[in-house]
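Q: Please take a close look at the aromatic rings and how they are placed, and then go on to some of the surroundings. I am new to this structure, so a careful, connected account would help.

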Amino acid sequence: MLNRPITHLKSSERSPRTSDAAWNVDQNPTIRLTLLFAIFAAFFSTVAGRLVYLQTARAEAFQLEENQHRVLFEAIPTRNGRILASDGRVLAYDVEQFQILAHYRWLEDPPNPNWLRKAALSRLGTHERYDADLVAHAKQQVLSSRNELWRSLAELTDTPESVLAKNRHAIQTRIERMVASVEKNRVQRRRLQEESAHQNLDENAPWWKRTWELLATTVTTSPDRGSVDPLILPEQSRYYELIDSVPLEIAARIKQHPEQFPGLQIKLTTHRFYPEQTLASHVVGSRTVLREDEGHPHDGMHSGEEVSQAPGISTVGRSGVERSYDYELAGVVGKQRLVVNSQGEIIQTEVLRAPRSGKDLNLTLSIDLQQTAERILDEAISKVPSNPNHGVAPGGAIVALDVHSGAVVAAATAPRFDVNMMVNSDSQAWQELNNDPRRPFFPRATHMTLPPGSIFKTLTSVALLESGKIQTDQTVHCRGYLDHPHSHRCYIFRHYGIGHHDVGLHDAICQSCNVYFFSMAREIGPEGIVDWAQRFGFDQPTGIDLPGEQGGHLPRPTGNESAHGSSDSGHRHREPWYPGDTLGLAIGQSRLTVTPMQIARMMAAVANDGWLVTPHVVREVISPESSNPFERSFRFTDRSTGSSDLTTNQFTPRRIPGLSTGTLREVRRGLEMVVGHSKGTGHRYVHRKDIPIAGKTGTAEVGGGKPDHAWFAGYVPANDPKYAFVVVLEHAGSGGRMAGPVAKELIQGMVECNLLHPENEGIAGSRNDSDRAFAASDAGRSR
């Protein structure tokens with residue numbers, strides 16, 4: 001009972017007091033409780049006082065020292081491999097640009113008060129921050145630093161301060177417009193929430209229901225603090241491009257002296273550049289930045305590393321060798337760790353993974369010959385009348401390749417486009433080209449499928465001789481048409497009303513006699529022609545190292561199954577077959593379509609004794625010297641280390657099964673007569689006295705009242721073949737008259753590029769051989 005401050009016990013009933021009873025807490029519980037209260041009061045007063053101190057005197061210090069550092073990860077741009085021509089000239093490379101970026105708070109004018117105060121306080125010590133005069137002086141220092149920053153930057157970059165001010169104002173206007181839009185939406189949303197809360201309270205409802213709704217709204221809705229926090233967007237804490245491109249020296253100066261250039265950041269960017277513009281644009285292709293909505297095709301595939309490419313920084317090949325060799329060309333982006341303060345300013349960087357440059361490609365193209373081919377092709381199609389309303393838009397292609405290796409030395413297409421337009425995203429220019437009926441984006445050398453016309457008689461001649469039913473001296477009388485004057489006629493009958501008289505195989509090739517091939521195709525049937533066409537690789541892509549190559553179309557009679565056809569031949573839709581289809585197939589018509597690249601490969605196989613080459617445009621892949629893009633900046637010296645010869649590994653020619661050298665020898669004789677003999681369809685337009693040329697003209701009928709396609713294909717020199725070539729002009733008319741002169745100029749270009757060397761000795765003999773062969777044919781017919 002003595003533990004109570006007031007007790008009902010009488011004094012006499014209490015224990016006797018001692019001499020110090022006044023301070024005896026057992027006898028006087030009031031003292032004891034007072035002491036306990038004083039102890040607790042002192043403790044809580046100390047805690048409360050400390051809290052008040054921290055919330056008032058030290059508030060600024062804690063605001064600066066709270067978790068204001070953030071860690072970000074950023075991709076480091078890499079450098080993609082270059083594309084080089086056979087002579088080392090650069091066709092594509094990455095241009096490095098150093099951009100100067102400024103933090104938004106540093107360029108904002110007038111400066112944000114909160115940012116200015118924090119920037120000033122960051123310059124002061126802990127105790128100095130409580131001195132108002134020192135804080136005001138620090139603010140002036142920050143403002144002076146801003147002014148000095150823009151002055152120094154203008155002087156360093158030789159940019160007028162007015163231009164810098166204009167750029168800063170444009171950035172600030174854009175961000176302020178964003179802030180105003182978000183603020184407007186926030187106010188509207190707040191007003192709608194208030195209106196919705198008011199509508200939810202039904203004043204006619206019972207008191208208990210209204211109380212419950214009010215309680216539910218109070219619990220589930222954030223309290224109204226009477227004021228709205230100031231709006232801060234992430235865009236207000238970022239860096240923005242102030243100057244697009246500066247030299248490396250200026251970028252290094254800014255990066256090495258951050259104290260002189262606060263609030264600035266140097267950003268390395270690269271963009272693809274094609275110095276030759278339209279030259280070989282369909283072969284080189286284009287490379288553009290990886291979009292946000294697409295994944296990189298080679299993520300995680302580089303040397304087993306877990307590497308992912310970065311949208312907006314990484315690039316991907318879209319066409320040409322840029323696409324087919326994207327894995328080799330594409331560099332691997334690096335990765336760096338950034339430490340930023342609460343304002344978004346970078347205070348520390350650390351490279352976690354250095355970028356790795358891509359490999360270079362060395363092409364087989366001869367740039368000089370490519371330029372010649374494109375020039376003469378442009379001149380040729382400029383002479384072809386255009387009628388887009390009737391589907392007649394001039395275009396064409398030229399292909400030249402090594403008959404032994406398949407290396408493409410020229411692959412010209414007309415019309416073309418400037419590849420830089422694809423990189424620079426010129427939407428207006430792109431739209432104009434995309435709407436061009438001539439289809440400048442269309443890679444005709446590998447994608448265009450047309451009826452070959454009489455060019456295909458070269459293949460038919462092989463099929464005739466290999467059938468064992470036809471001999472070279474076996475003749476057919478040509479009266480200009482096969483059965484009726486209105487169908488299955490020769491070109492000279494359609495235009496001049498005459499025939500070729502008695503012709504053998506050599507004469508038929510030389511003069512392009514349709515009647516001969518009609519008659520012989522009837523005798524051997526279509527199966528042999530289809531079989532040999534498949535052996536020569538028709539109806540399937542050639543395997544060239546360019547994306548999206550087409551295989552054309554080889555019609556097949558019902559039931560035709562060839563062991564030498566394409567792998568999916570057994571699954572193809574069988575077409576109805578009529579007697580006229582056999583005749584049309586023999587002269588390269590019917591439903592047969594081929595690409596220029598297939599024809600060039602066919603001529604190469606005839607010239608090289610029956611080896612089917614794989615056309616290719618890349619000679620070797622060269623490893624980079626360094627993974628650091630700064631170290632490789634604009635150094636275009638030849639390199640011999642780290643290369644791999646693709647020719648011996650991937651493009652080895654294969655023997656055409658069952659093809660005899662005797663058959664090819666007879667076919668080559670006929671092709672030589674086409675150009676070498678005075679009666680040959682190509683003699684007038686292609687023949688040269690200093691270089692023997694073998695080839696075949698082709699005039700492919702289109703139908704529908706449209707002009708014919710003009711072809712000329714062959715190889716050179718005829719007595720020692722080195723290069724096969726093909727020229728095709730859409731809707732140009734006669735193959736000999738229109739495509740022949742282009743082929744002759746192409747050969748002249750080969751001479752000028754030192755790819756061919758005229759040898760006058762023996763040339764006359766080659767021509768005499770052709771004349772003697774033709775004379776022998778005439779003698780045989782006269783007998």
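A: A residue is called buried when its relative accessible area is under 20%, exposed when it is over 50%, and partly exposed in between, with a 1.4 Å probe and protein chains only. The model is predicted, so local features need a pLDDT of at least 70 and side-chain atom pairs count only at pLDDT 80 or more, while totals for chains, interfaces and linings use all residues. Residues are numbered from 1 along each chain as its sequence is written, and side-chain values use heavy atoms, with hydrogens and water left out.

As a frame for the rings, the chain has 27 helices and 21 strands, which are DSSP runs numbered from the N terminus (H or I for helices, at least four residues; E for strands, at least two). Of the 783 residues in the chain, 49% are buried. Among the contacts (heavy atoms within 4.5 Å) between residues at least 6 apart in sequence, 74% join residues at least 24 apart.

Across the whole structure, a search finds nine aromatic pairs, where rings of Phe, Tyr and Trp (its six-membered ring) pair if their centres lie within 6.5 Å, and planes under 30 degrees apart count as stacked, over 60 as edge-to-face and the rest as tilted. One of these nine pairs joins Tyr104 and Tyr240, whose rings meet edge-to-face at 6.4 Å centre to centre, with 70° between the planes. Because Tyr104 belongs to helix α3 (residues 104-107) and Tyr240 to strand β4 (residues 239-246), the pair ties together parts that are 136 residues apart in sequence. Tyr104 is buried at a relative accessible area of 1%, and Tyr240 counts as buried at 12%.

A further aromatic pair, formed by Phe712 and Phe725, is stacked, with 6.2 Å from centre to centre and 15° between the planes. Here Phe712 lies in strand β20 (residues 709-716) and Phe725 in strand β21 (residues 723-729), so this pair ties together parts that are 13 residues apart in sequence. Both Phe712 and Phe725 are buried.

Rings also take part in arrangements with charged side chains. A charge is said to sit over a ring if NZ of Lys or CZ of Arg is within 6 Å of the ring centre and within 35 degrees of the ring normal. The charged end of Arg439 is placed in this way over the ring of Phe442, at 4.3 Å from its centre, and the charged end of Arg535 sits over the ring of Trp532, at 4.1 Å from the ring centre.

Arg438 is found in the loop between α14 (427-434) and α15 (444-447), and with a relative accessible area of 31% Arg438 is partly exposed. Leaving out residues up to four places away in sequence, Arg438 touches Ala393, Pro394, Pro415 and Arg444. For one of these partners, Ala393, the C-alpha atom is separated from that of Arg438 by 5.1 Å, although the two residues are 45 apart along the chain.

Ala412 offers another setting, with its place in strand β12 (residues 408-414) and a relative accessibility of 0%, so that Ala412 counts as buried. Residues up to four places away in sequence aside, Ala412 touches Gln370, Ala373, Glu374, Leu377, Gly396, Ala397 and Ile398. The C-alpha atoms of Ala412 and Arg375 are separated by 9.1 Å, and these residues are 37 apart along the chain.

In strand β8 (residues 334-340) one finds Gln336, which is buried with a relative accessible area of 16%. Apart from neighbours within four places in sequence, Gln336 is in contact with Leu72, Phe73, Glu74 and Ile76, and also with Thr349, Glu350, Val351 and Leu352.

A helix completes the picture. Helix α16 (residues 457-466) is mostly covered, with nine of its ten residues buried. The buried residues of α16 are Lys457, Thr458, Leu459, Thr460, Ser461, Val462, Ala463, Leu464 and Leu465. Just after α16, Gly468 takes a positive phi of about 80°.
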